[in-house]
Amino acid sequence: MSPTLTVANWKMNGNRRFWSELTQSLKSEIQYIETNMVLCAPSAAFYDVSRALEGATNMALAAQDIHAEDSGAHTGDTSAEMAKDFGAKFTLVGHSERRMEHFEKGDVLKAKFKQALNHDLHPILCFGESLEDKKNDQTLTVLDGQLSEVLDGVEVLDGDAFSLAYEPVWAISSSAGSLGREPSEDELTQVFEFVRQKMVEKFGETVGNSIKLLYGGSVKADNVAKIISNRYIAGVLVGGASLKAESFLAIARAVAAKPN
Ligand code: PGA
């Protein structure tokens with residue numbers, strides 16, 4: 001896998017024509033950009049995106065969520081197997097919108113995370129504090145809890161098996177009460193130092209140091225260079241700015257230019 005990840009989260013946006021055209025535009029340029037591009041598409045888009053991705057090398061389809069079980073009476077959900085069948089290689093787990101709108105936490109997220117690993121889907125575990133947590137000076141306590149409730153007791157032998165995406169809810173462009181800005185350099189370093197340390201304690205030096213740490217929340221073409229220059233950050237998770245080929249490609253180029 002490339003040392004960097006540039007991840008799009010299209011959320012519940014688009015239609016068949018939009019998904020196909022956007023994927024084609026990205027595909028025609030990504031071969032010249034040295035990063036792994038991951039498209040977290042709504043399940044309704046899997047067919048069109050997977051067709052448009054045929055022959056692409058450094059680009060992959062991803063689910064935005066998977067169910068914790070293999071199959072069954074779960075109206076509206078998508079299984080790991082279904083995502084895999086369309087060629088998905090990744091899935092988000094625990095995006096803040098799933099946490100808020102679908103009340104996902106703790107055991108459910110742990111089960112989804114394990115389900116992804118068991119089906120050879122690379123989970124990108126999202127975590128992040130709310131504005132209220134931040135105001136109450138609870139950031140690291142909240143992040144610690146969110147990571148522990150999913151990762152405790154999970155055995156991982158390879159740092160490439162999963163990634164972590166720090167997405168402070170207050171920085172996500174569309175979230176209620178968003179401050180509409182990315183964290184400062186100091187805020188990012190404080191969180192990522194803490195997370196790296198935690199991963200090393202949990203999984204040992206080799207695995208803990210190789211897990212990719214991503215940042216998401218108001219990433220745009222004009223702030224990505226600063227974000228990616230943080231030594232802990234190996235990639236970005238992009239919502240709004242991933243819906244236009246031009247801005248998402250500009251972001252991918254900046255990520256690819258990260259000094260090793
Ligand atoms: P944003 O969304 O880039 O629009 O802030 C990020 C996300 O929610 O993953």
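**Exercise 1. Surface charge**

Task: In this predicted model, find which residues gather in a patch of negative charge on the surface, and state where E81 lies and how exposed E81 is.

Solution.
- Step 1. The patch of negative charge on the surface is formed by E69, D70, E81 and D85.
- Step 2. E81 belongs to helix α3, which spans residues 80-85.
- Step 3. The relative accessible area of E81 is 49%. Exposed requires over 50% and buried requires under 20%, so E81, at 49%, is partly exposed.
- Step 4. Patch members must have over 30% relative accessible area, and E81 has 49%.

**Exercise 2. Cysteines**

Task: Determine how many disulfides the structure holds, and treat C40 and C126 in turn.

Solution.
- Step 1. The count of disulfides is zero.
- Step 2. For C40, the nearest cysteine sulfur belongs to C126, at 7.9 Å. A disulfide needs two cysteine sulfur atoms within 2.5 Å, so C40 is in no disulfide.
- Step 3. Starting from C126, the nearest cysteine sulfur is that of C40, 7.9 Å away, and C126 is likewise in no disulfide.
- Step 4. C40 has a relative accessible area of 0% and is buried. C126 is at 1% and also counts as buried.

**Exercise 3. Positive phi**

Task: For K11 and S218, give the value of phi, the loop that holds each residue, and the class, buried or exposed.

Solution.
- Step 1. Most residues other than glycine have a negative phi.
- Step 2. K11 is not a glycine, yet its phi is positive, near 50°. S218, also not a glycine, has a positive phi of about 60°.
- Step 3. K11 sits in the loop that runs between β1 (5-9) and α1 (16-30). The loop of S218 is the one between β7 (212-216) and α9 (224-228).
- Step 4. The cut-off for buried is under 20% relative accessible area. K11 is buried, at 17%, and S218 is buried, at 7%.

**Exercise 4. F90 and G235**

Task: Locate F90 in the secondary structure, classify F90 as buried or exposed, and give the separation of the C-alpha atoms of F90 and G235.

Solution.
- Step 1. F90 is part of strand β4, residues 90-93.
- Step 2. With 6% relative accessibility, F90 counts as buried.
- Step 3. Along the chain, F90 and G235 are 145 residues apart. In space, their C-alpha atoms are separated by 14 Å.

Definitions and conventions: Residues numbered from 1 in each chain as written. Predicted model: local features only at pLDDT ≥ 70, side-chain atom pairs only at ≥ 80, totals over all residues. Heavy atoms only, no water. Patch = residues over 30% accessible without salt bridge, like charges linked within 9 Å, V, L, I, M, F, W, Y side chains within 5 Å. Areas by Shrake-Rupley, 256 points an atom, 1.4 Å probe, with all protein chains shown as cover. Salt bridge = Lys/Arg side-chain N within 4 Å of Asp/Glu carboxyl O. Lys, Arg positive; Asp, Glu negative; His and termini not counted. Charge placed at Lys NZ, Arg CZ, Asp CG, Glu CD. Helix = DSSP H or I, 4+ residues; strand = E, 2+ residues; numbered from the N terminus. Buried < 20%, exposed > 50% of the residue type's maximum accessible area, 1.4 Å probe, protein only.
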